[in-house]
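Please load the model in a viewer and keep the selection panel at hand. The tour proceeds from the interior to the empty spaces.

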Amino acid sequence: MAFPSPLVMLSVLAVAMASITFVATRDQAPTERRVETATIASAEQTPSAEPTAKPTKEPKPEPRVRRGEVYVEVYNSSGIKGLAASTAGKATTVGWAVVGEDNWYGVVPTTTVYFPPRLKAAGKQLALDLGIRRTAPAVGEMKRDRLTIILTTDAPQ
């Protein structure tokens, strides 16, 4: 007596399982779902009356600058006597905490408010308050806990 090969036995088993599955599931509703596809609007189609709303991000509010809590040093590089003192007086009048004034020895292209990274907004505000058009990150030996104003001959007076 010859036994059938394993391939024949697996085939018979597969046909039997498929028949059982067919009989067991033939009266049930299909489990497939219809997938709707998006259509591309053509020029002939009219847009819908309701526009689709896009989520909008709230603009990030600018950090509030507390003038009295930010230290400011004023340096005169213009050769105009008393310019640092008068500018320091203006800054104090609008609420800035001026902690020093002196002469600056070096080359600066134009009157500038220098700021450390964490005081960038304060530097911009100080420049607006005093009518200074240029701001820049602090460089060299400038202190990193305060704003530094270096005045040249084009400084607002």
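**The nonpolar interior**

Begin by selecting Val72, Val74, Trp96, Leu126, Leu147 and Ile149: these residues have the most contacts inside the largest nonpolar core, a set of 20 residues. Next, colour the elements that each supply at least two residues of this core, namely β1 (71-76), α2 (83-93), β3 (112-115), α3 (120-130) and β5 (146-151). The coordinates under inspection are those of a predicted model.

Now centre the view on Leu147. Which residues is leucine 147 in contact with, leaving aside its neighbours within four places in sequence? Selecting them brings up Val70, Tyr71, Val72, Glu73, Trp96, Tyr114, Phe115, Pro116, Leu119, Ala122, Gly123 and Leu126. Among these contacts, Val72, Trp96 and Leu126 were already selected in the opening step.

Another core lies apart from the largest one and has 7 residues; select Tyr114, Ala136, Met142 and Ile150, which are among them. Tyr114 thus appears twice on this tour, as a contact of Leu147 and as a member of this other core.

**The open pocket**

Proceed to Val65, Arg66, Val70, Leu119 and Ala122, the residues that lie nearest the centre of the largest pocket. Its full lining comprises 12 residues, and the space in the pocket is about 160 Å³. Which classes of residue make up this lining? There are 7 nonpolar and 5 charged residues, with no polar ones. Val70, Leu119 and Ala122 should be familiar, being contacts of Leu147 as well.

**The enclosed cavity**

Rolling a probe the size of a water molecule over the atoms shows where empty space is left. For cavities of 30 Å³ or more, the count is 1. To display the surroundings of the largest cavity, select Thr87, Lys90, Leu130, Ile132, Leu151 and Pro156. The volume enclosed is about 40 Å³, and the lining consists of 4 nonpolar, 1 polar and 1 charged residues.

**The whole chain**

Finally, clear the selections and switch to a cartoon representation. The protein contains 3 helices and 5 strands, and these follow the pattern α-β-α-β-β-α-β-β along the sequence. Of the contacts with a separation of 6 or more, 73% join residues 24 or more positions apart.

A surface representation completes the tour. The protein exposes about 12600 Å², of which carbon and sulfur atoms supply 58%. Of its 157 residues, 25% are buried.

Notes
Residues numbered from 1 in each chain as written. Predicted model: local features only at pLDDT ≥ 70, side-chain atom pairs only at ≥ 80, totals over all residues. Heavy atoms only, no water. 1 Å grid on protein atoms, 1.4 Å probe; cavity = no way out; pocket = protein on both sides within 12 Å on 5 of 7 lines; lining within 4 Å. Points joined across faces, edges and corners; volume = space filled by probe spheres on them. Nonpolar A, V, L, I, M, F, W, Y, C, P; charged D, E, K, R; others polar. Helix = DSSP H or I, 4+ residues; strand = E, 2+ residues; numbered from the N terminus. Buried < 20%, exposed > 50% of the residue type's maximum accessible area, 1.4 Å probe, protein only. Contact = heavy atoms within 4.5 Å. Areas by Shrake-Rupley, 256 points an atom, 1.4 Å probe, with all protein chains shown as cover. Core = buried A, V, L, I, M, F, W, Y, C linked by side-chain atoms within 4.5 Å.
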